[in-house]
Amino acid sequence: MREAAFIKHNRDKWQKIDNETRNTNIPAETMADNFIELTDDLSYARTFYPRSQTVRYLNQLAGRYFINIYQYRKSEKGWFWRFWKESLPLTMYRCRKYMLYSFIFMFAGVLLGIFSQQQESNFASYFLGSGYVNMTLENIEKGDPMAVYKDEAKESMFYGIAFNNIRVAFLAFILGIFCSVGTVWVLFSNGIMLGVFQFFFYQKGLLLTSAMSIWLHGTLEISAIIIAGGAGITLGNSLLFPGSHKRVYALQKAVMDALKIALGLIPVFITAAFIESYLTRLTEMPIYFNLTIIGLSALFIIWYFFYYPYLIHKRTNERAKEN
């Protein structure tokens, strides 16, 4: 690439980064991304235009950014709070379209599960296991269809569910490395399971009863699996569509984003496990008890993982424009 074309292609980006050096409130990941962009461009310019003014300009700009990073590292405190307040929400905003893809894949699985159970009544036994289905049928005959949640001790049930939920989330995230195919499989199979399970109870005339119990913990659990799936698709997309970045750099950046999201979901899965172990078994509780927890869980997911990231992104842009 000729130097003039190289400058024309990157000029706006360099100007934006140059302006951001005057902003004392740059988010950590933005600062890191900009510094990596600058060093990549500087390395390219040093290789192909070693004695040009472009190299001198990029070297000065990268130097100023290095000073900012050093000062940031010296003065930054409360990194744990900053992760939840800014870093994770900004990452969620950047990955928002992959969250939509993840939801679509799981919803497609739910529809397929419903259709399959509708066409073949034994499909639930095939997909969920004949032992589980027979046990559920026995519980329905006894008048306690949700007795499965009462069979195990609360403490052991909590640890088992929490571990399994976190395992599923990291599986959905890690399998994204296979060009998102593994993640899509996890989402689709979990969606089929959910569709079959709910339609099975619908056929028994117990849809409301099952929904009030399942979604008590499932609102957090299923939402977190979808978000973890979005993290996995983010990972796979970086390999398939690296854009203007080098594929290795795009993958590194996607790994950091996906890992942030996966780690941020751990408290959600632990809370869901607590609800499933200690509260879902309380099937005699009034329906408004269930509706309150389901409503609060849904509001939290929508607010923190989708609306709040939009607010943080908007606030960050306004701050950058002001500076």
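**A helix pair and two nonpolar cores**

In this predicted model, the axes of helix α9 (residues 181-203) and helix α10 (residues 207-240) come within 11 Å and cross at roughly 170°, where axes are lines fitted to C-alpha atoms, for helices over the stretch in contact, with angles running from 0 to 180 degrees between N-to-C directions, and where helices are DSSP runs (H or I, at least four residues) numbered from the N terminus. Because angles over 145 degrees count as roughly antiparallel, α9 is roughly antiparallel to α10. On the α9 side the contact (heavy atoms within 4.5 Å) includes Leu187, Leu194, Phe197 and Phe201, while the residues from α10 include Ile214, Trp215, Ile222 and Gly229. The residues of this contact divide into 13 nonpolar, six polar and no charged, with Ala, Val, Leu, Ile, Met, Phe, Trp, Tyr, Cys and Pro counted as nonpolar, Asp, Glu, Lys and Arg as charged, and the others, Gly among them, as polar.

Residues are numbered from 1 along each chain as its sequence is written. Local features need pLDDT of at least 70 and side-chain atom pairs count only at pLDDT 80 or more, whereas totals for chains, interfaces and linings use all residues, and side-chain values use heavy atoms, with hydrogens and water left out.

The largest nonpolar core, a set of buried Ala, Val, Leu, Ile, Met, Phe, Trp, Tyr and Cys residues joined through side-chain atoms within 4.5 Å, has 46 residues; buried means under 20% relative accessible area, computed with a 1.4 Å probe on protein chains only. The residues with the most contacts inside this core are Met92, Ile227, Ile261, Leu265 and Phe305. Among the elements that give two or more residues to this core are α4 (79-94), α9, α10 and α13 (287-322), and the largest share, 12 residues, comes from α10. Leu265 touches Ala224, Ile227, Ala228 and Phe305, not counting residues up to four places away in sequence.

A second, separate core of 17 residues includes Phe123, Met146, Ile161 and Ala162. Of these, Ile161 lies in helix α8 and is buried, with a relative accessible area of 13%. Leaving aside residues up to four places away in sequence, Ile161 touches Ala273, Glu276 and Ser277; the C-alpha atoms of Ile161 and Glu276 are separated by 8.1 Å, although these residues are 115 residues apart along the chain.

An unreviewed UniProt entry annotates residues including 98-116 and 287-311 as "transmembrane region", an annotation that may be inferred rather than shown by experiment. Residues 98-116 are 100% helix and 0% strand, with end C-alpha atoms 27 Å apart, and residues 287-311 are likewise 100% helix and 0% strand, with end C-alpha atoms 34 Å apart.

Technical notes. Angles under 35 degrees count as roughly parallel, over 145 as roughly antiparallel, 65 to 115 as roughly perpendicular and the rest as oblique. Buried means under 20% relative accessible area, exposed over 50%, partly exposed in between (1.4 Å probe, protein chains only).
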